[in-house]
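Hi,

Here is the structure I said I would pass along. Have a look at it first, and then read on for what turned up when I went through it.

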Amino acid sequence: MAEQESAPVTEGPPAGDLGRRLAARRAELGLSLRETAARAGMAPSYLAHLERHPGAAPGQGTLHSLAGVLQTTVSALTGGDADLPPGPGRAGHAPEFTELTRTECGDLLATHGVGRLAVPTAQAPVIVPVNYSVVDGMIVFRTARGATPYLAVGCPVAFEVDRIDDAFSEGWSVLVRGHARMVTDLGEAQRLAGRAHSTPWAGGRRDVWVRIQPYAVTGRRITRRAGTDEHTG
């Protein structure tokens, strides 16, 4: 195809929204650029061009091929679902529901990222997203005095993380219940800052560390039964 003619493959970081989404999805699936290109029936140099040139404009056929190989949707690759909540599609064919073991829950939590924190307030419980890490088996995040997550200090809380795959109507969720306490020791706060993977996306001065000591960790996963290949819309 004419749109696949480009220079030889060269190393370089992804650029542009499409390029970053392609590279990130490849990384999630453990696919190299050459493996992805081969499965999509295109030249590796062309896929490199798509990832590293913000102005690249592939056709719908190319996008559909890449979406199929990367087990996602064209909308997800192009950012069309950026402002939509996950999970709008139909249930997958022959879904299977399983309980996750404590070890599996811990492994999923340890990937770190953004989770949802449920905290009590004077009016009603409130759920807010926080950037978190797992250190020594505890959920840790930083916040600011007066911010909603700060209300968790001294209270029993719930914390949830999940992953939803709209392309295949699959996903998992992990729920942590525990007690939230503020880290008051300066040395401990510095240690957490050195080991934390994520910084608050909200920015600003957020120098209060909070850790959640779990007393219950549960998780669930929904997958499609092996041998089924129906795609959901």
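Strands β5 (residues 156-165) and β6 (residues 170-182) run antiparallel and are joined by ten bridges. One place to see that pairing is F159, whose bridge partner in β6 is V176. On β5 there is also a pairing with β2 (residues 113-119), again antiparallel, with three bridges. There, A118 is matched with A158 of β5. Do keep in mind that this is a predicted model.

Zooming out, the protein has seven helices and seven strands. Starting at the N terminus, the order is α-α-α-α-α-β-α-β-β-β-β-β-α-β. Of the contacts with a separation of 6 or more, 70% are between residues 24 or more positions apart. Buried residues account for 38% of the 233 residues. As for the surface, about 13,000 Å² is exposed, and carbon and sulfur atoms supply 53% of that.

Now the interior. In soluble globular proteins, nonpolar side chains tend to be buried together. Here, the largest nonpolar core has 24 residues, and L109, L117, V157, F159, V161, V174 and I212 are the ones with the most contacts inside it. Two or more residues come from each of α6 (102-109), β2, β3 (126-135), β4 (138-143), β5, β6 and β7 (208-224). Apart from this core there is another one, with 19 residues, including L33, A37, L50 and V69.

If you want a single residue to click on in the largest core, try V157. Leaving out residues up to four places away in sequence, V157 touches L117, A118, V119, A152, V176, R177, G178, A180 and I212. L117 and I212 are also on the list of residues with the most contacts inside that core.

The other residue I'd point you to is R25, in helix α1 (residues 16-29). Is R25 buried or exposed? Its relative accessible area is 11%, and the cut-off for buried is under 20%, so R25 counts as buried. The R25 side chain reaches the backbone oxygen of Q71 at 3.0 Å. Beyond residues up to four places away in sequence, R25 touches L70, Q71, T72, R163 and D165. Two of those, R163 and D165, fall within the residue range of β5, the strand I began with.

Shout if anything looks odd on your screen.

Cheers

Note on methods. Residues are numbered from 1 along each chain as its sequence is written. This is a predicted model: local features need pLDDT of at least 70, side-chain atom pairs count only at pLDDT 80 or more; totals for chains, interfaces and linings use all residues. Side-chain values use heavy atoms; hydrogens and water are left out. Helices (H or I, at least four residues) and strands (E, at least two) are DSSP runs, numbered from the N terminus. Buried means under 20% relative accessible area, exposed over 50%, partly exposed in between (1.4 Å probe, protein chains only). Contact means heavy atoms within 4.5 Å. Accessible areas come from the Shrake-Rupley method with a 1.4 Å probe; for residues, only the protein chains shown count as cover. Two strands pair if DSSP finds at least two bridges between them. A polar contact is a pair of N or O atoms within 3.5 Å; within protein, one must be able to donate a hydrogen and the other to accept it, and residues adjacent in sequence count only if both atoms are side-chain atoms. A nonpolar core is a set of buried Ala, Val, Leu, Ile, Met, Phe, Trp, Tyr and Cys residues joined through side-chain atoms within 4.5 Å.
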